[in-house]
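Trainee: Before we begin, may I ask that each term be justified against its definition as we proceed?

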Amino acid sequence: MKNSVQRKINELKTLTNDPSNELIEALSSIDDTTFNSNTSVRTLLEEKELSELNRFIEQFSQLTTTIDRVFTTIDLLDKSCDQMLTKLSIGQKGVDEVLDMTTSLYIQQEKQRNQLTKIHSFIEEYYLSEEDFACLEKGDIDDKFFDAFSHLEASQERTSNALLTQKSRSLTDALTALNAAKERAYGRIHGWFHANSHIFNRLQPTIPSSFNKCLTIIKSKPILYGFVCSEIGQVRSSVIGPAFLNALTSPTADSRPLEETASADPLAFSSNVFAWIHQTAATEATFLATVLKEDQNSPNIQKTLDDAFESVCRPLDSRVSQAIRGLVRPADCFQMANICSYFFSKISDICGITSPVAKTTKNLVDMSSKTFRQAISESTDVIKSSVRPSQSAFHEALKIMKFVTSQHEQSSLSISFDVSSLIDNYAAQLHTTVVSMKENLPFQATYLYELSNLAKDANLKCSNDIEKDKDKVVAQIIDIEVSEFLRRCRSTELINLFTSPQQKPLSTVAGGEENLVRNTVKRLENALIGTGKLQTPLCDELSNNELKKLAKEEVSKKLVNAYKILFDSVMDARNGYLNGGTIFKYTPEHIKESISV
C-alpha cells in the first residue's frame with residue numbers, strides 16, 4: 001500500500017512542468033513557423049505559461065505540503081495498523097487459549113458436578129443430614145433426637161457393611177465421624193439420666209417414656225450403663241434408708257414400730273427387721289427388673305440393689321447386734337443364729353453375696369454363732385463346776401440339745417459353722433460330766449439315756465460312746481435291782497448253787513435240801529406275786545418313763561429267769577427232788593405274765 005501511494009505522488013510531481021490541457025492544445029496548434037514568425041506572441045505565451053506554472057507550483061507546494069502531512073499521517077496509520085495486526089495476532093492466540101481453557105473448565109465443571117453428585121449421594125447414604133446432627137448435638141432429648149439416633153445407627157450399619165467389601169478412606173472417615181457423633185450422643189443421654197435421676201426418689205416412682213428409650217440406647221455402652229445403674233442405686237438408697245428407719249421407729253396406720261418389741265422379744269424383733277429388709281429387697285428387685293428390662297438375678301440389678309440397700313446396713317447392724325448381746329440361753333442364741341443365717345441366704349440370693357447388706361447380715365450370723373458357742377460353753381462349764389449339778393441344770397442342757405438337734409438338719413447355719421460338730425462337742429462334754437456322777441445311778445442313767453437318744457437322732461460322733469455308757473449304767477441298775485430283790489428273798493445262794501456245776505444231784509448237796517428249797521421258793525413267789533407289785537426302788541427313781549419301763553422289763557426278765565432256773569433244776573429228775581411238783585405254786589410262764597410291766 002505504501003508503494004502505491006508513493007508512485008502516485010511521483011506522477012503528480014512530474015506534472016509540475018507541464019502546462020494545463022488548454023495550454024497543451026494551444027501549443028500543439030502552433031507550429032514552428034508560426035512560433036518563429038511571431039516572437040511576441042511566443043513571449044506572451046511563455047510569460048503566461050510561466051505565470052501559470054508559478055501559480056501552479058505555488059499552489060502545488062501547498063498541496064505537496066498537505067500531501068506530505070497526509071503521507072506522514074498515513075505512515076503513522078500504517079504503523080498503527082501494523083501494531084494492531086501484531087496485537088490482533090497475539091490476541092488470536094489468547095482467544096484460542098481462552099477457548100481451550102473454557103473448554104477445559106467446562107469439562108472440569110462437569111467432572112466436579114459429577115463428583116458433587118457422587119458426594120451428595122455418598123453423604124445421603126453414609127452420613128447424616130445437618131438437621132440430624134443438630135438434633136444429636138443440642139436441644140431436648142425427644143422424639144427428634146431418637147429419630148436422629150436411629151438414622152445414625154442405620155448410617156453406621158451401611159458404612160460398616162460397605163467397608164467390608166471396599167476399603168475406602170472416605171468410608172473410614174465417614175465411619176469415624178459417625179462414631180464420634182454417636183459417642184457424643186451417648187454422653188448426652190448419660191447426662192439426661194444424671195439430670196433426671198430424681199424420678200427415683202420415691203418408693204413407687206412414675207417412669208416417663210423417654211426413660212425407656214434412653215435406657216435402650218445406653219445399654220449398648222456397658223460402662224455408661226453401669227454408671228446409670230449406680231446412680232439409680234444411690235437415689236434409691238436415699239429412699240430406702242429413711243423408709244427403714246421409719247419402720248423401726250415410727251408407727252403407721254397398719255403397723256406398730258419394729259423397735260417396740262426389741263426388748264420384750266429380741267428374736268421376734270430381729271426376725272421382723274430381717275423380714276422387712278427381705279420383703280423390701282424382693283419388691284425392689286422386681287421393680288428394678290421391670291424398669292431396667294433385665295433378669296432379676298442379673299449383675300446390673302444386683303449392683304443396683306447393692307447401692308440401694310447400703311443405707312440400711314448401719315441401723316441393721318446396730319439393732320440386731322444389740323438384740324444378740326441381750327441373749328443368754330443357748331437355745332435362744334441358736335435360734336438367733338438360725339434367723340440370721342436364714343435371712344443371709346435369702347438376702348444373698350436377691351442382692352448378691354458380696355453386697356453390703358449381705359456382708360452385714362453375714363457379720364451378724366458370725367456374731368450370733370459365736371454367742372451361741374459361748375452360751376454352750378458356759379452352760380457346760382456351769383454343770384462341770386457344780387459339785388452336784390441340779391437336775392434342772394441337766395434338764396436345761398438336754399433341752400438345749402433337743403432343740404438344737406431337732407433343728408440342725410433344717411438349719412442353714414452350716415454355711416457359717418458345722419452345727420453337728422459343735423453339738424457333738426457339747427454332747428461329749430455333757431457325757432463326760434454325767435458319767436462322772438456315779439453316786440446317783442438313776443440320775444446318771446436317765447440323762448445318759450436321753451443324751452444317747454438325742455445323739456443318735458443327730459447322728460453325732462459321740463453317740464456310740466454315750467450308748468455304751470448308758471447300757472452299762474442301766475445294766476448296773478438292773479443287776480443291782482435283781483441282786484437286791486433276790487437278797488431280800490434270801491434266794492441268791494440257792495440260785496448260785498443251782499447254776500454252778502455239780503458232780504452229784506442237787507438234793508444231796510449242802511444247801512440244796514428239799515425243805516430249804518421249798519422255803520426259798522415260797523419267799524420268792526411271795527415277793528414276786530404276793531405283794532401285787534414288783535418292788536424296784538432304783539428303777540422307780542428313773543425320771544424317764546420309757547427308760548423306767550425298759551429297766552423294769554429287764555429286771556422282770558432276770559427275775560423270771562432266776563425263778564425258771566430254780567423251777568427247771570427242781571423239776572429235773574436227776575437232781576433227786578421226789579416231791580418237786582409240790583414245791584412250786586406257779587410255773588415260770590405264770591410268773592412272767594404276773595410281773596410283766
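The following conversation takes up the terms used for this predicted model.

Trainee: What makes up the secondary structure of the chain?

Mentor: In this predicted model, the secondary structure of the chain comes to 24 helices and 0 strands. Buried residues make up 39% of the 597 residues. The accessible surface comes to about 34,400 Å², and 53% of that surface belongs to carbon and sulfur atoms.

Trainee: What is the mean pLDDT of the chain, and which elements have the lowest and the highest mean?

Mentor: The mean pLDDT of the chain is 81, and 83% of its residues reach 70 or more. Among the elements, helix α3 (residues 32-37) has the lowest mean, 51, while helix α12 (residues 313-325) has the highest, 92.

Trainee: Why is Gly191 called partly exposed?

Mentor: The class of partly exposed lies between 20% and 50% relative accessible area. Gly191 has 33% relative accessibility, and therefore counts as partly exposed. Its place is in helix α7 (residues 169-195). The C-alpha atoms of Gly191 and Val228 are separated by 9.6 Å, the two residues being 37 apart along the chain.

Trainee: How do you know that Lys221 and Glu183 form a salt bridge?

Mentor: The definition asks for a side-chain nitrogen of Lys or Arg within 4 Å of a carboxyl oxygen of Asp or Glu. The closest N and O atoms of Lys221 and Glu183 are 3.1 Å apart, so the pair meets that definition. This pair links distant parts of the chain: Lys221 is in the loop between α8 and α9 (222-249), Glu183 is in helix α7, and they are 38 residues apart. Lys221, at 24% relative accessibility, counts as partly exposed. Glu183, with a relative accessible area of 42%, is partly exposed too. By this rule the count comes to 21 salt bridges.

Trainee: Why is Asp307 called buried, and Lys303 partly exposed?

Mentor: Buried means under 20% relative accessible area. Asp307 has 12%, and is therefore buried. Lys303, at 39% relative accessibility, falls in the partly exposed class. The side chains of these two residues, Lys303 and Asp307, meet in a salt bridge of 2.9 Å, N to O. Both lie in helix α11 (residues 299-308), 4 residues apart, about one turn of the helix.

Trainee: What makes Lys456 and Glu467 a salt bridge, and which residues share its network?

Mentor: The side chains of Lys456 and Glu467 meet at 3.6 Å, N to O, and the cut-off is 4 Å, so the pair qualifies. The pair links distant parts of the chain, with Lys456 in helix α17 and Glu467 in helix α18 (residues 463-488), 11 residues apart. Salt bridges that share partners join Lys456, Glu467, Lys470 and Asp471 into one network. Lys456 has a relative accessible area of 43%, and is partly exposed.

Trainee: How many aromatic pairs are found, and why is that of Phe200 and Phe287 called edge-to-face?

Mentor: A search of the whole structure finds 15 aromatic pairs. The rings of Phe200 and Phe287 have their centres 6.4 Å apart and their planes at 70°, so the pair is edge-to-face. The cut-offs are 6.5 Å for the centres and over 60 degrees for this class. Phe200 lies in the loop between α7 and α8 (209-218) and Phe287 in helix α10 (residues 266-292), 87 residues apart, so that the pair links distant parts of the chain. Both Phe200 and Phe287 are buried. Trp192, Phe193, Phe200, Phe211 and Phe287 form one aromatic cluster.

Trainee: Why is the pair of Phe443 and Tyr447 called tilted?

Mentor: The ring centres of Phe443 and Tyr447 are 4.7 Å apart and the planes stand at 55°, so the pair is tilted. An angle under 30 degrees would count as stacked and one over 60 as edge-to-face. Being 4 residues apart in helix α17 (residues 441-457), Phe443 and Tyr447 are separated by about one helical turn. Both are buried.

Trainee: How do you know that the buried residues of helix α24 line one face?

Mentor: The buried residues of helix α24 (residues 588-595) are Pro588, Ile591 and Ile595. Seen down the axis of α24, they fall within an arc of 60°, so they line one face of the helix. What covers them includes α20 (514-530) and α22 (545-571).

Technical notes. Residues are numbered from 1 along each chain as its sequence is written. This is a predicted model: local features need pLDDT of at least 70, side-chain atom pairs count only at pLDDT 80 or more; totals for chains, interfaces and linings use all residues. Side-chain values use heavy atoms; hydrogens and water are left out. Buried means under 20% relative accessible area, exposed over 50%, partly exposed in between (1.4 Å probe, protein chains only). Helices (H or I, at least four residues) and strands (E, at least two) are DSSP runs, numbered from the N terminus. The arc is that of the directions from the helix axis to the C-beta atoms. Contact means heavy atoms within 4.5 Å. Accessible areas come from the Shrake-Rupley method with a 1.4 Å probe; for residues, only the protein chains shown count as cover. Rings of Phe, Tyr and Trp (its six-membered ring) pair if their centres lie within 6.5 Å; planes under 30 degrees apart count as stacked, over 60 as edge-to-face and the rest as tilted. pLDDT is the predictor's confidence in each residue, from 0 to 100.
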